[in-house]
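Student: Please take one part of this model and go through it closely. I would like cut-offs stated along the way.

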Amino acid sequence: MLGDQHSVPMAELVRLFCILLIAGIVFTLPLYKFDWQKFIRSNLFMKIMFWIPIFLIFLGALYANSQVRLALLTVLLIMALRELVNQRHKSAPKLLLTGYFVFFAVFLAHFYFFGTVYQAEFINLLITLAFATVLADVTAFFF
């Protein structure tokens, strides 16, 4: 059944993520003339590796029950609040930073609500959002 919470097995998502991660590394190595050591020390490598914790959070939000999902989203909100406080001391556009934080908090609340109330559509929406984000990020980098 397409809307079933387990319609996309976790193993399939992990396999797809690993393939995309390896492809990302292989396709960016020519930018460093295949110098693995230089690539590993680069900011680009760190950006690629940053997708690992994002994917783990994604899996947690996708396959966890409502209480675990709420705890996960609360931790994300606390981390975002801490970053807001740190950046407000360094940066001039304080109103803009606060606005972004408020939008992020509203997004997380909607994310939790949607996952709880519309469980049948949640998995498909989250997978679509995740892959659209990755595709936009990769496309923006190469253009």
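Tutor: What follows is a close look at helix α1 and its surroundings.

This is a predicted model: local features need pLDDT of at least 70, side-chain atom pairs count only at pLDDT 80 or more, and totals for chains, interfaces and linings use all residues. Residues are numbered from 1 along each chain as its sequence is written, and side-chain values use heavy atoms, with hydrogens and water left out.

First, the setting. The protein chain has 7 helices and 0 strands. Helices are DSSP runs of H or I with at least four residues, strands are E runs of at least two, and both are numbered from the N terminus. The C-alpha atoms fill a box of roughly 50 × 45 × 25 Å along the principal axes.

Now the helix itself. Helix α1 covers residues 10-28. The side chains of Glu 12 and Arg 15 form a salt bridge, 2.7 Å from N to O. The term means a side-chain nitrogen of Lys or Arg within 4 Å of a carboxyl oxygen of Asp or Glu. The structure holds 1 such bridge. The two residues are 3 apart in the helix, so about one helical turn separates them. Arg 15 is partly exposed, at 45% relative accessible area. Glu 12 is partly exposed too, at 41%. The scale is this: buried is under 20%, exposed is over 50%, and partly exposed is in between (1.4 Å probe, protein chains only).

Next, Thr 28, which also lies in helix α1. Thr 28 counts as buried, at 4% relative accessibility. A polar atom of its side chain lies 3.2 Å from the backbone oxygen of Ile 25. Beyond its neighbours within four places in sequence, Thr 28 is in contact with Phe 39, Leu 44, Ile 48, Phe 141 and Phe 142. Contact here means heavy atoms within 4.5 Å.

Phe 141 and Phe 142 lead on to the surface. Together with Ile 22, Val 26, Phe 27, Leu 31 and Val 138, they form a nonpolar patch with about 700 Å² of accessible area. Helices α1 and α7 (119-142) are the elements that give two or more residues to the patch. Patch members have over 30% relative accessible area and no salt bridge; like charges are joined within 9 Å, nonpolar side chains (Val, Leu, Ile, Met, Phe, Trp, Tyr) within 5 Å. Accessible areas come from the Shrake-Rupley method with a 1.4 Å probe; for residues, only the protein chains shown count as cover. Phe 142 lies in helix α7. Phe 142 counts as partly exposed, at 47% relative accessibility.

Methods: Polar contact = N/O pair within 3.5 Å; in protein donor to acceptor, adjacent residues only side chain to side chain.
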